[in-house]
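Dear colleague,

Please find below the structure that I am passing on to you. A short account of what was found in it follows.

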Amino acid sequence: MRGARVILACRSQERAEAAESGNAQVVVMRLDLGSLTSVRRFAASFLKTEPRLDLLVNSAGVMGPGRTEDGFGMAFGVNHLGHFLLANLLLERLRRCGPSRVVTDLVSGDSAWSVFQAYCSSQLCNVLFTRELANRLEGAAVSCYSLHPGAVHTCRGLGAWLQLLALPFAKLFFTDAEGGAQAVLHCALQEGIEPLSGRHFSRCTPQQVGARGRDDAVAKKLWEVSERLTGLS
């Protein structure tokens with residue numbers, strides 16, 4: 001990305017290394033957001049080996065049944081708590097390297113209704129987390145944004161026949177992974193959006209979220225609960 005050194009934090013190090021381009025400035029490090037131990041281990045290793053952190057992109061959108069290693073619901077544990085702990089453990093490095101940014105990508109998925117509801121709740125947590133983080137960083141050289149890239153066609157999690165049936169529809173109405181990444185790149189690289197820190201973006205445009213996503217009292221309470229659940233307080 002524009003000559004940057006990029007750390008790919010991936011659950012499967014083998015698959016990530018297989019997808020590497022051979023660029024020496026792209027480094028793979030293992031990170032499982034479903035394990036708070038793994039998050040702590042990654043952060044410790046990163047802080048020991050990498051002198052700079054200018055941009056943190058939180059981009060995990062798990063939507064499925066089951067629980068994390070620590071006993072939390074999968075969507076809440078991975079999509080919110082894993083990102084929350086990671087950002088806090090790296091926050092001092094972000095401050096030191098400012099101007100820097102935290103971008104939280106609300107990735108989409110498909111599943112049963114009850115699981116979908118849990119997923120939506122975790123994404124609301126991402127919006128509130130970004131809002132409270134911006135409040136806490138007011139006056140610092142760190143800005144943060146949540147975003148939704150729009151409906152992105154990846155067909156992950158679908159069986160072979162369902163993928164075959166869904167493909168024509170998806171190509172007509174959904175953007176591809178490259179198109180979806182544009183919203184992330186916009187929030188990560190666009191100059192002059194620092195005054196919009198804490199805002200939510202959709203398709204590269206700042207959007208007004210619903211009343212629940214603008215509730216500072218709830219955002220503050222969520223932060224405090226998340227600190228307890230991740231052992232930060």
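Rings of Phe, Tyr and Trp, the last taken by its six-membered ring, count as an aromatic pair if their centres lie within 6.5 Å. On that basis, a search of the whole structure, which is a predicted model, finds five aromatic pairs.

In one of them, F84 and F129 meet edge-to-face, with 5.9 Å from centre to centre and 70 degrees between the planes. This pair links distant parts of the chain, since F84 belongs to helix α3 and F129 to helix α4 (residues 113-136), 45 residues apart. F84 also pairs with W223: the ring centres are 4.8 Å apart and the planes stand at 75 degrees, so this pair too is edge-to-face. Because F84 lies in helix α3 and W223 in helix α7, the pair ties together parts 139 residues apart in sequence. Both F84 and F129 are buried, as are both F84 and W223. Ring pairs thus link F84, F129 and W223 into a cluster.

Helices α3 (residues 74-96) and α7 (residues 216-230) pack at about 85 degrees, with their axes 10 Å apart; they are therefore roughly perpendicular to each other. Among the residues making the contact are F76, F84 and N88 of α3 and L222, W223 and E227 of α7. By class, the contact has seven nonpolar, four polar and one charged residues.

Finally, the cysteines. The count of disulfides comes to zero. The sulfur of C187 is 7.1 Å from the closest cysteine sulfur, in C204, which is too far for a bond, because a disulfide requires the sulfur atoms to be within 2.5 Å. C187 is buried, with a relative accessible area of 0%, and C97 is buried at 4%.

Yours sincerely

How values were computed
Residues numbered from 1 in each chain as written. Predicted model: local features only at pLDDT ≥ 70, side-chain atom pairs only at ≥ 80, totals over all residues. Heavy atoms only, no water. Buried < 20%, exposed > 50% of the residue type's maximum accessible area, 1.4 Å probe, protein only. Axes fitted to C-alpha atoms, helices over the stretch in contact; angles between N-to-C directions. Helix = DSSP H or I, 4+ residues; strand = E, 2+ residues; numbered from the N terminus. Parallel < 35°, antiparallel > 145°, perpendicular 65-115°, else oblique. Contact = heavy atoms within 4.5 Å. Nonpolar A, V, L, I, M, F, W, Y, C, P; charged D, E, K, R; others polar. Phe/Tyr/Trp six-rings, centres within 6.5 Å; stacked < 30°, edge-to-face > 60°.
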